[in-house]
Amino acid sequence: MLDDVLSPARSAWEDLQERLHFLPPFPDELDSLALFSMLLIVGLLIGEWLRARLGWPKVVGYVLAGTLFGPSVLGWISIEALAQARPIADAALGLLMLEIGRRLDLRWLAQQRELLRAALAEISLSFAAIFLFAWGVVGLIPAWAAAAAAVTMAAAPAVVLLIVEESGAQGQVTERMIMPG
């Protein structure tokens with residue numbers, strides 16, 4: 001399927017190469033890094049378009065691009081390629097978590113006992129809901145369901161942080177949203 005989409009571009013590139021022989025040849029197959037680079041660019045373009053036209057957060061564009069080009073729809077990016085990119089994704093998520101940790105004021109949180117109790121309740125209920133969905137509906141074994149719940153919960157503050165940074169939001173509600181959980 002990828003060849004059908006890229007063949008006109010390859011033909012145009014080969015015609016251009018005949019005129020500009022000093023350029024390198026177009027690769028027969030794109031490697032994982034090239035595909036992920038294209039995916040990021042497409043995600044950025046979709047996100048910018050959604051932001052300009054609908055006022056949606058840009059992160060939605062990345063989600064749509066990943067869903068469209070990933071293994072579930074078009075399959076341009078295989079599960080193996082996703083596994084190769086895991087260290088990059090972990091590093092990016094780690095940087096976002098560092099930013100969240102930088103913003104979290106533990107003294108302020110200690111003074112907000114009601115908020116702390118609410119956050120712990122929300123963490124527990126979210127974990128339980130995701131675990132039950134992954135175990136009961138998706139059919140994962142309990143260990144994988146627990147891992148899926150933990151990973152999902154860890155990624156949620158990163159998405160919130162991206163939206164907060166993009167919109168320039170500030171204030172009490174924003175700080176409560178960024179708080180882990």
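1. A contact, in this note, means heavy atoms within 4.5 Å. By that rule Gly70 touches Ala65, Gly75, Trp76 and Ile77, not counting residues up to four places away in sequence. Please keep in mind as you read that this is a predicted model.

2. Let us stay with Gly70 for a moment. You will find Gly70 in the loop between H3 and helix H4, which covers residues 79-84. Is Gly70 buried or exposed? Its relative accessible area is 5%, so Gly70 counts as buried, the cut-off being under 20%. Looking further along the chain, the C-alpha atoms of Gly70 and Leu82 are separated by 8.6 Å, with their positions 12 residues apart in sequence.

3. Now for the overall picture. The chain holds nine helices and zero strands, and reading along the sequence gives the pattern α-α-α-α-α-α-α-α-α. There are 181 residues in the chain, and 19% of them count as buried. The accessible surface comes to about 12,500 Å², with 68% of that area belonging to carbon and sulfur atoms. As for how the chain meets itself, take the contacts with a separation of 6 or more: residues 24 or more positions apart account for 48% of them.

4. Next, have a look inside. Which residues make up the largest nonpolar core? It has nine: Leu35, Phe36, Leu39, Ala65, Phe69, Trp76, Ile77, Ala81 and Ala85. Two elements give two or more residues to this core, namely helix H2 (32-54) and helix H3 (59-69). H2 gives the most, with three residues. As general background, nonpolar side chains tend to be buried together in soluble globular proteins.

5. Leu39 is a good place to see this core from within. Leaving aside neighbours within four places in sequence, Leu39 is in contact with Ala65, Gly66, Phe69 and Ile77. Ala65 and Ile77 also appear among the residues that Gly70 touches, so you can step from one spot to the other in the viewer.

6. Helix H2 has another residue to visit, Trp49. With a relative accessible area of 47%, Trp49 is partly exposed, because that value falls between the 20% and 50% limits. The C-alpha atoms of Trp49 and Gly61 lie 8.3 Å apart, and these two residues are 12 residues apart along the chain.

7. Helix H7 deserves a check of its length. At 1.5 Å a residue, its 26 residues should span 38 Å, and the end C-alpha atoms are 36 Å apart, so the two values agree. Within H7, Leu115, Ala119, Phe131 and Ala134 are buried. Just after this helix, Gly139 takes a positive phi of about 95 degrees.

8. Finally, turn to the outside. Where does the nonpolar patch on the surface get its largest share? Helix H7 (residues 113-138) supplies that share, with three residues, and Val138 is a residue of this helix. The patch is formed by Phe133, Val137, Val138, Leu140, Ile141 and Trp144, which together have about 630 Å² of accessible area.

Key: Residues are numbered from 1 along each chain as its sequence is written. This is a predicted model: local features need pLDDT of at least 70, side-chain atom pairs count only at pLDDT 80 or more; totals for chains, interfaces and linings use all residues. Side-chain values use heavy atoms; hydrogens and water are left out. Patches are made of residues with over 30% relative accessible area and no salt bridge: like charges are joined within 9 Å, nonpolar side chains (Val, Leu, Ile, Met, Phe, Trp, Tyr) within 5 Å. Accessible areas come from the Shrake-Rupley method with a 1.4 Å probe; for residues, only the protein chains shown count as cover. A salt bridge is a side-chain nitrogen of Lys or Arg within 4 Å of a carboxyl oxygen of Asp or Glu. Helices (H or I, at least four residues) and strands (E, at least two) are DSSP runs, numbered from the N terminus. A nonpolar core is a set of buried Ala, Val, Leu, Ile, Met, Phe, Trp, Tyr and Cys residues joined through side-chain atoms within 4.5 Å. Buried means under 20% relative accessible area, exposed over 50%, partly exposed in between (1.4 Å probe, protein chains only). The expected span of a helix is 1.5 Å times one less than its number of residues.
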